[in-house]
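Me: I'm a first-year student and I'd like a close look at one part of this protein, with enough of the surroundings to see where that part sits. Please start with a single residue and work outwards from there.

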Amino acid sequence: SYSFVDTEDASTGMRLANSPQHMLKFNMVAPVFNQYADAGIEFQYMSDRTLPRGGTTGGYGITNLTLSSQKVYERLELSASIYNVFDKQYADPVSEELTQGSIIQDGRNLRIKASYTF
């Protein structure tokens, strides 16, 4: 999916804070291991955003990977995901009430999940 947004403050003519012009998301999932599991890849891109008190955050692109089981044992499902695979450093704007203009987001993360249905 792709979004193009052209936001503007009517009184100043400036782009609205925390409003990216371009957002892109790509997802693909395919069966693996004789169709006992699915492997997925996701890419997200967001262009730069204006900070509430001036300046901008840089645009960024991150990649996420997921491996998930259909059913490991009866009603048990497992998944493992790596978020921000390439450890991209990026920041998100914050509201005017906070002293800093942006907050650096997490780098690479691993999540392991087990679900059992009763």
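Reply: Let's start with Thr 57, which counts as buried because its relative accessibility is 4% and the cut-off for buried is under 20%. Keep in mind that we're looking at a predicted model. Thr 57 belongs to strand β5, which covers residues 56–57. What does Thr 57 touch, leaving aside its neighbours within four places in sequence? Its contacts are Asp 48, Arg 49, Leu 51, Ala 91, Asp 92, Pro 93 and Ser 102.

Now let's step back to the whole chain. The protein has ten strands and zero helices, so a walk along the sequence reads β-β-β-β-β-β-β-β-β-β. The radius of gyration is 19 Å, well over the 13 Å that the globule rule gives for 118 residues, so the protein is more spread out than a compact globule. You can also see the shape in the C-alpha trace, which spans about 60 × 30 × 30 Å along its principal axes. Buried residues, Thr 57 being one of them, make up 21% of the 118 residues. As for contacts between residues at least 6 apart in sequence, 42% of them join residues at least 24 apart.

Next, follow the strands, beginning with β3. Ala 37 lies in this strand, and with a relative accessible area of 8% Ala 37 is buried too, since that value falls under 20%. Not counting residues up to four places away in sequence, Ala 37 touches Ala 30, Pro 31 and Val 32, and also Leu 67, Ser 68, Ser 69 and Gln 70. Gly 107 is another story: its C-alpha atom is 26 Å from that of Ala 37, and the two residues are 70 apart along the chain.

Which strand does β3 run antiparallel to, joined by ten bridges? That's β6. One place to spot the match is Met 46, which stands opposite Tyr 60 in β6.

From β6 we can carry on to β7, residues 76–83, because these two strands also pair, in the antiparallel sense, over four bridges. Two partners in β7 are worth finding on screen: Ser 81 for Thr 66, and Ser 79 for Ser 68. Together β6 and β7 form a hairpin, with six residues between them. In the turn, look for Glu 74, which has a positive phi of about 45°.

The trail then goes from β7 to β10, residues 109–116, another antiparallel pairing, this time with eight bridges. Here Tyr 83 has Asn 109 in β10 as its bridge partner. Ile 112 is found in β10 as well. Is Ile 112 buried or exposed? Exposed, because its relative accessible area is 68% and the exposed class begins over 50%. Leaving aside neighbours within four places in sequence, Ile 112 is in contact with Ser 79 and Ala 80. The C-alpha atoms of Ile 112 and Ala 80 are 4.4 Å apart, although 32 residues separate the two in sequence.

As a general point, side chains in a regular strand alternate between the two faces of the sheet.

Finally, let's go back towards β3 and β6 and look at the largest pocket. Its volume is about 150 Å³, and 13 residues line it, with Val 29, Gly 40, Ile 41, Glu 42 and Thr 66 lying nearest the centre. The elements that each give two or more residues to this lining are β2 (22–32), β3 (37–46) and β6 (60–69). Which of the strands gives the most? It's β3, with five residues. Sorted by type, the lining comes to six nonpolar, five polar and two charged residues. Notice that Thr 66 turns up twice on this tour: as one of the residues nearest the pocket centre and as the bridge partner of Ser 81 in β7. So if you'd like one spot that ties the pocket to the strand pairing, click on Thr 66.

Note on methods. Residues are numbered from 1 along each chain as its sequence is written. This is a predicted model: local features need pLDDT of at least 70, side-chain atom pairs count only at pLDDT 80 or more; totals for chains, interfaces and linings use all residues. Side-chain values use heavy atoms; hydrogens and water are left out. On a 1 Å grid over the protein atoms alone, a cavity is a set of points where a 1.4 Å probe fits but cannot get out, and a pocket is an open set with protein on both sides within 12 Å along at least five of seven lines; lining residues have an atom within 4 Å of a point. Grid points are joined across faces, edges and corners, and a volume is the space filled by probe spheres set on the points. Ala, Val, Leu, Ile, Met, Phe, Trp, Tyr, Cys and Pro count as nonpolar, Asp, Glu, Lys and Arg as charged, and the others, Gly among them, as polar. The radius of gyration is taken over C-alpha atoms; the globule rule is 2.2 Å times the number of residues to the power 0.38. Buried means under 20% relative accessible area, exposed over 50%, partly exposed in between (1.4 Å probe, protein chains only). Contact means heavy atoms within 4.5 Å.
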